[in-house]
Amino acid sequence: MTEQANQKHAAARGPRPQMPVVAVVLAAGFGTRLDPGHPKQLLEVGGKAVISWSVEAFERHPAVTDIVVVVNPQVRAQIEGLLGSCTKLRMVISGGSNRADSTVEALQALASAGIPEEAKILIHDAVRPFVNARTIDACIEALDEFNAATAAVKSTDTVLLGRDLGEGTVVGSVPDRGRTFRAQTPQAFRFHTIRSAYDRAAHDPDFQATDDTRAVLEFMPDEMVTIVAGDETNIKITRPEDLLYAERIAASLDGQDVKRQAMEEMHQMLASALGQ
Ligand SMILES: Nc1ccn([C@@H]2O[C@H](COP(=O)(O)OP(=O)(O)OP(=O)(O)O)[C@@H](O)[C@H]2O)c(=O)n1
Ligand SMILES: C[C@](O)(CO)[C@H](O)COP(=O)(O)O
């Protein structure tokens, strides 16, 4: 078919339906390393709950179409209350006993909802409140070329891989620092890829993972997980001392959200005025 005929053909079919870009925000943890009595996803940083910061980052992002939040019974009611005005929130579902189980619950809910196999899924820790639009963009765009991607930052420390001796740990190996990264979230996947990875992982009773890329690396060895630029401010609130740093980051972002929102609205208005 000629280029012209191709265009006519495409026009006759009408606009292609938009492929969903779904943010899955994991908030079903118990914060045992911080304070289990006060779940960290509900703590206030810069005057706003941690979960609100992280969900709002996706609510605000123009390419994200849907948001799913995964919770535990201890935080459900408060999170539902906090996210009442989120227009992209489709489901608040119950998580599992560890992070990977919570991801699996979300994937099952998305499958039951009939999400397309090609949908882009961004899995994010609720306790990384300062994820920025650039990192979200990079994850979404990476999936045009790869089926899996993770945000990460280059390690400035030399990373040591330990070898357990039973009574202590010795250095097992020292990877080249230039090739070491610290994983962050979002971690992004085509729906078929992450679902196949966890379907296979379900048959391995020894499978344990602290992130989702590990499931792809172990069970989908033909898939490459590309690394996209995270950010030093995209911290994970894990221990009490992280809260001090989080307050400093929140203070440095003060007002930026509002400015960014205004810019995005202006760009959208311009785009529709120009008929794009
Ligand atoms: N069963 C679990 C465990 C963790 N998470 C989420 O995964 C993210 C990263 O986990 P982590 O920092 O380890 O949070 P917690 O599990 O709450 O903390 P801890 O390990 O100290 O108990 C968090 O947003 C957490 O809510 C989850 O959805 N379901
Ligand atoms: C997914 C993650 O945030 C990447 O750094 C991290 O692995 C989560 O680990 P945790 O043990 O659940 O804190």
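Start by selecting K120 and D144: their side chains make a polar contact at 2.7 Å. A polar contact here is a pair of N or O atoms within 3.5 Å; within protein, one must be able to donate a hydrogen and the other to accept it, and residues adjacent in sequence count only if both atoms are side-chain atoms. This is a predicted model, in which local features need pLDDT of at least 70 and side-chain atom pairs count only at pLDDT 80 or more, while totals for chains, interfaces and linings use all residues. Residues are numbered from 1 along each chain as its sequence is written, chains are lettered from A and ligands numbered from 1 in the order in which they are written, and side-chain values use heavy atoms, with hydrogens and water left out.

Stay with K120 for a moment. K120 sits in strand β6, where helices (H or I, at least four residues) and strands (E, at least two) are DSSP runs, numbered from the N terminus. Is K120 buried or exposed? Its relative accessibility is 9%, so K120 counts as buried; buried means under 20% relative accessible area, exposed over 50%, and partly exposed in between (1.4 Å probe, protein chains only). Show what surrounds K120: not counting residues up to four places away in sequence, K120 touches P20, V21, V22, I140, L143, D144, F189 and R190. Contact means heavy atoms within 4.5 Å.

Next, select strand β1, residues 21-27. Seven of the seven residues are buried, so β1 is largely enclosed by the rest of the structure. Turn on the side chains: V21, A23, V25 and A27 point one way, V22, V24 and L26 the other way, and all are buried. In a regular strand the side chains alternate between the two faces of the sheet.

Now add the partners of β1. Strand β6 (residues 120-125) pairs with β1 in the parallel sense over six bridges, and strand β4 (residues 66-71) also runs parallel to β1, joined to it by six bridges. Two strands pair if DSSP finds at least two bridges between them. To find your way along these pairings, use V24, whose bridge partner in β6 is I123, and V25, whose bridge partner in β4 is V69.

Helix α5, residues 133-142, is the next stop. Its buried residues are T135, I136, C139, I140 and A142. Look down the axis of α5: these residues fall within an arc of 165°, so they line one face of the helix. The arc is that of the directions from the helix axis to the C-beta atoms. R134 and E141, on the other side of α5, are exposed. Which elements do the buried residues of α5 pack against? They pack against β1, α2 (50-60), β6, β7 (148-154), β10 (181-190) and β11 (225-229). At the N-terminal end of α5, N132 acts as a cap, with a side-chain oxygen 3.1 Å from the backbone nitrogen of R134.

Now for the ligands. Ligand 1 is surrounded by 18 residues, the closest being L26, G31, T32, R33 and S102; a residue is near a molecule or strand if one of its heavy atoms lies within 4 Å of it. Check the backbone here: an N or O atom of G31 lies 2.8 Å from an oxygen atom of ligand 1, one of R33 lies 2.8 Å from a ligand 1 oxygen, and one of A126 lies 3.1 Å from a ligand 1 oxygen. On its own, ligand 1 has 560 Å² of accessible area, and the protein covers 89% of this. Accessible areas come from the Shrake-Rupley method with a 1.4 Å probe; for residues, only the protein chains shown count as cover.

S102 is worth its own click. S102 lies in helix α4 (residues 99-112) and counts as buried at 4% relative accessibility. Not counting residues up to four places away in sequence, S102 touches L26, A28, V70, G95 and G96.

Move on to ligand 2, surrounded by R33, R99, D125, R128, A183, T185, T210, D211 and K236. An oxygen atom of ligand 2 is 2.4 Å from an N or O atom in the side chain of K236, and a ligand 2 oxygen is 2.6 Å from a polar backbone atom of A183. For the side chain of R128, an N or O atom is 2.8 Å from an oxygen atom of ligand 2. Taken alone, ligand 2 exposes 360 Å², of which the protein buries 77%.

Finish at the peptide bond from T185 to P186, which is cis, with omega near 10°. P186 is in strand β10.
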